[in-house]
Amino acid sequence: MRKYFLTAIAAATLTMACGAASADQLDDIKKKGTLVCGVLGTSEPFSFPNPQTREIQGYDVDFCAAIAKSLGVKLEIKPVAVAARIPELLQGRIDVIAANLGWTPERAEQIAYSDSYYAALQKAASKRSSNFKSADELAGKRISSTKGSTSEAAIKTKYPTATSVTFQDPPTAFLAMQQGKADAFVVSEMMLLKLKQQSEATQPIDILEPQLADEKWGIGMRKGETALINHVNNLLQKMETSLEATELFNKWMGDKTEFKMKRGFKIEPIKG
């Protein structure tokens with residue numbers, strides 16, 4: 001009986017110790033000396049391979065780097081598929097997600113979001129030869145998007161009678177539209193601007209109005225990790241105040257880039 005009692009105490013103590021260790025992810029990251037940040041790796045200008053070095057770079061990567069620097073640890077970038085973003089985080093294979101992660105009520109039930117560091121418009125595009133004049137004409141059509149993305153969710157909400165055709169990444173979904181497998185393609189306005197420029201000389205597309213949705217992107221973290229969540233939010237606010245966040249936007253999307261966009265948002269809490 002005594003042996004059983006002591007074994008039970010030891011097991012309970014071990015469980016509490018493991019729970020305490022896993023409950024402070026911020027401390028764990030500092031101890032291991034590395035922040036593992038999940039990014040898409042296929043979404044220019046947010047995370048994509050450098051043409052010369054093949055290393056993944058971009059807006060999301062720079063925010064990952066800022067978090068790692070603020071913690072005094074090395075950064076490890078891990079490409080993840082759209083549908084695998086939240087599972088990879090919940091299973092502990094990545095520490096944070098910076099991967100075009102738009103806020104949705106369903107995702108917010110599973111993970112914690114930082115303050116928004118980007119605001120994206122979801123828009124539809126079609127081949128110019130299709131002669132669509134408005135996004136309102138897409139009801140009942142075949143529309144492609146990335147599987148598990150907010151673009152897919154926007155299609156289902158905006159066009160309940162449409163057929164949603166999904167693919168593993170935005171370039172493949174776009175190609176499906178170009179090949180006639182879909183009537184239109186939905187993704188963030190940022191990506192559509194780039195695709196429009198690239199396809200103008202071969203098979204031009206039109207970006208259709210009005211927009212389908214306006215989504216806020218946040219850094220994804222596991223729920224209950226209060227220290228890490230607070231640290232990331234404090235850092236983001238400092239980056240906003242110091243204009244570092246604005247500089248990163250201009251670096252990847254501003255007037256001197258092919259996107260020529262102006263920053264019309266600021267870092268702030270996401271209001272669900």
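**View 1. The largest pocket, which holds about 250 Å³ of space.** This close-up comes from a predicted model, and the lining of the largest pocket is made up of 17 residues. Lying nearest the centre of the largest pocket are Trp103, Thr104, Thr150, Ala213 and Glu215. Rolling a probe the size of a water molecule over the atoms is how such empty space is found.

**View 2. The helices and the strand that line the largest pocket.** At least two residues of this lining come from each of helix 5 (105-110), helix 6 (150-158) and strand 10 (205-221), and strand 10 contributes the most, with 5 residues. When the lining residues of the largest pocket are sorted by character, 7 are nonpolar, 5 are polar and 5 are charged.

**View 3. The second largest pocket, with about 180 Å³ of space.** Here 13 residues form the lining, and those closest to the centre of the second largest pocket are Ala119, Ala120, Leu121, Gly264 and Phe265. Two or more lining residues are given by each of strand 6 (112-127), helix 8 (189-199) and strand 10, while the most come from strand 6, which gives 4 residues.

**View 4. The character of the residues lining the second largest pocket.** In this predicted model, the lining of the second largest pocket divides into 8 nonpolar residues, 1 polar residue and 4 charged residues. Strand 10 can be followed from one view to another, since this strand supplies at least two residues to the lining of the largest pocket and also gives two or more to the lining of the second largest pocket.

Key. Residues numbered from 1 in each chain as written. Predicted model: local features only at pLDDT ≥ 70, side-chain atom pairs only at ≥ 80, totals over all residues. Heavy atoms only, no water. 1 Å grid on protein atoms, 1.4 Å probe; cavity = no way out; pocket = protein on both sides within 12 Å on 5 of 7 lines; lining within 4 Å. Points joined across faces, edges and corners; volume = space filled by probe spheres on them. Nonpolar A, V, L, I, M, F, W, Y, C, P; charged D, E, K, R; others polar.
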